[in-house]
Amino acid sequence: SHASGVVGCLGTTNCVIEDLTVDMVTNGGTGTNGIVFTGATSYNDANTATYCTVQRCKVLLFDDESGASGYGIWNRLAKYTRILNNVVIGPDTSYDSDSQNEGIEVFGGEDVLIDGNYCEFIGNAGIFVTTATGSDAVNNKRITITNNHVTKCAQGIAVSTTAVNSGTNYIADGIIISNNQVIDCFAYCCRVVQALAADAATDVAAAKVLISNNTFEITDGLVGASDIIPLWVGQAGSLNGVWRQCLITDNLIRGGEAVFGSSVQIRYVDGCTFSGNIVSDNSTANGSSYAVYITTSDGVTIESNKFENIHSSVLNASASNGLSLKDNQFVNIENNNGLHTVYLNGTCDGAVVTGNVSEHKVGGSIWFVNGNTTNTTNFYAYGNKYINNHTIQQINFVDTATANFGTVSSGASTTATITNQQITIGSFVSVHQSTGTPEAFTVAITDGTATITKAGSTDISYDYLII
């Protein structure tokens with residue numbers, strides 16, 4: 001049939017499949033699927049399978065070297081499906097970049113629950129949610145992936161979004177990835193990606209994406225793709241389409257063998273929140289990379305995370321305005337060879353860095369935040385603490401004319417003026433004299449300026465902090 005499956009629920013309601021072993025290895029066939037839920041007469045039949053359950057089944061996938069796909073459990077546009085406590089075992093015990101096998105695939109669906117399953121040795125993705133392309137484009141709405149264990153697959157959990165078909169965008173809307181254990185996958189532990197452009201720049205490409213309480217872990221020395229990344233979220237490039245409400249919270253993210261980037265990558269996702277996570281033990285082999293790489297993502301919040309045992313620089317934010325880096329711990333950081341804990345690369349306007357604690361194990365001439373004198377504008381830093389600094393400098397190469405701290409001199413005048421848009425009526429401006437014989441002074445504040453007035457006309461410098 002159109003399902004190409006061993007067992008199929010085609011247009012059925014309330015069907016339950018349980019306690020089966022589906023063996024496609026003994027008598028393997030090209031592109032054969034295991035257990036399928038789809039429409040009665042075609043994939044796109046409005047009379048699709050609804051309220052069906054597959055539970056406690058074991059599916060053994062055939063090693064198909066022709067490149068044809070084979071899916072262990074396949075939800076094709078079915079609704080309200082429950083995929084519970086199954087085991088799907090593939091044939092690929094090592095990385096196979098040509099395999100199209102999927103363990104559990106949702107190829108379009110609504111209100112699908114994938115809970116308590118085990119997937120191992122799958123050539124592509126252990127669990128895959130896709131919008132597809134062209135005439136096959138579909139929506140995925142309210143898909144929950146929880147309490148699963150996925151290991152030794154090319155991708156552990158993968159979600160693709162924004163396919164375009166006849167002027168309509170098909171998106172991932174309401175994706176929950178929670179409480180999963182994804183260990184030692186050969187390319188990505190978890191990847192949520194927009195691979196195709198939406199019709200217009202303002203079209204929503206993904207919405208309500210929650211990634212929480214998972215373990216994404218790569219063991220040191222794992223052999224796989226050239227980049228092995230625990231978590232990758234965002235667009236594959238600069239594409240039409242915006243993301244709404246992306247929250248990544250309370251995950252344990254360990255390891256990574258990426259040539260550039262490393263444990264976490266957030267790309268082209270405005271307004272993303274990354275909070276309460278533990279990121280640790282990235283590869284020692286690529287010390288010039290970053291544990292977290294953010295690019296072209298405005299308004300990202302990095303808050304209350306713990307970064308520990310990092311053998312490189314920690315965070316690179318590139319061309320990302322409005323970054324908030326708040327209340328994070330950086331513990332046992334080994335960024336050698338003059339690297340930075342945080343690097344603001346390209347245009348990064350309005351970054352706020354407050355309440356962080358940074359502890360370095362070893363290091364040469366390094367900085368907690370290293371920016372770009374021209375492009376790191378309207379920078380704000382306050383209340384950060386630095387422990388075991390060695391030769392560390394705190395903040396380097398930001399635009400001091402617009403930052404909330406700096407130095408101003410009076411010259412041969414009785415006044416020195418701080419001109420800075422971060423000063424407003426009600427601001428607190430801390431000023432202390434840094435050169436010359438101590439002399440009394442006063443500070444008067446108006447919007448955009450603070451005027452320091454003293455009695456004498458000798459040249460005196462003052463350091464200031466705007467809070």
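**Close-up views of the predicted model**

**View A. Asp281 and its salt bridge to Arg254.** Asp281 is buried, at a relative accessible area of 19%, where the cut-off for burial is under 20%. The model shown here, as in the other views, is predicted. The Asp281 side chain forms a salt bridge with Arg254, with 3.7 Å between the closest N and O atoms. Because Asp281 sits in the loop between E29 and E30 while Arg254 belongs to strand E26 (residues 252-254), the pair ties together parts that are 27 residues apart in sequence. Arg254, in contrast to its buried partner, is partly exposed, with a relative accessible area of 23%. Elsewhere, Glu18, Asp19 and Arg56 are joined into one network by salt bridges that share partners.

**View B. The surroundings of Asp281.** The loop that holds Asp281 runs between strand E29 (278-280) and strand E30 (290-295). When neighbours within four places in sequence are left aside, Asp281 is in contact with Asp220, Arg254, Gly255, Glu308, Asn309 and Ile310. Arg254 is thus a contact of Asp281 as well as its salt-bridge partner.

**View C. The salt bridge between Arg76 and Asp136.** The total for the model is 9 salt bridges. In this one, the side chains of Arg76 and Asp136 meet at an N to O distance of 3.4 Å. Arg76 is in the loop between strand E7 (71-75) and strand E8 (82-84), and Asp136 is in the loop between strand E13 (125-129) and strand E14 (140-146), so the pair ties together parts that are 60 residues apart in sequence. Arg76 is buried, with a relative accessible area of 2%, whereas Asp136 counts as partly exposed at 35%.

**View D. The salt bridge between Asp111 and Arg142.** The N to O distance of this pair is 2.8 Å. Distant parts of the chain are linked here, with Asp111 in strand E11 (residues 109-115) and Arg142 in strand E14, 31 residues apart. Asp111 is partly exposed at 22% relative accessibility, and Arg142 is likewise partly exposed, at 41%.

**View E. The largest nonpolar core and the contacts of Leu315.** This core has 85 residues, among which Phe37, Leu231, Phe274 and Leu315 touch the most other members. Strand E22 (residues 204-212) contributes the largest share, 4 residues. Apart from this core lies another one, of 12 residues, including Ala416, Ile418, Ile423 and Val431. Beyond its neighbours within four places in sequence, Leu315 has contacts that include Tyr290, Val292, Ile294, Ile302, Leu323 and Leu325. Thr341, Val342 and Tyr343 are also among the contacts of Leu315.

**View F. Parallel pairing of strands E33, E36 and E39.** Strand E33 (residues 313-318) pairs in the parallel sense with strand E36 (residues 340-345) over 4 bridges. Ala317 is placed opposite Leu344 in E36. E36 is also joined, by 3 bridges and in parallel, to strand E39 (residues 367-370). Within E39, Asn370 is the bridge partner of Tyr343. These elements belong to a chain with 48 strands and 0 helices.

**View G. A nonpolar surface patch around Phe428.** Tyr382, Phe428 and Ile467 together make a nonpolar surface patch of about 290 Å². Phe428 is located in the loop between strand E44 (415-419) and strand E45 (429-433). Over the chain as a whole, about 17600 Å² is exposed, and carbon and sulfur atoms supply 48% of that area.

Methods: Residues numbered from 1 in each chain as written. Predicted model: local features only at pLDDT ≥ 70, side-chain atom pairs only at ≥ 80, totals over all residues. Heavy atoms only, no water. Core = buried A, V, L, I, M, F, W, Y, C linked by side-chain atoms within 4.5 Å. Buried < 20%, exposed > 50% of the residue type's maximum accessible area, 1.4 Å probe, protein only. Helix = DSSP H or I, 4+ residues; strand = E, 2+ residues; numbered from the N terminus. Contact = heavy atoms within 4.5 Å. Patch = residues over 30% accessible without salt bridge, like charges linked within 9 Å, V, L, I, M, F, W, Y side chains within 5 Å. Areas by Shrake-Rupley, 256 points an atom, 1.4 Å probe, with all protein chains shown as cover. Salt bridge = Lys/Arg side-chain N within 4 Å of Asp/Glu carboxyl O. Pairing = 2+ DSSP bridges.
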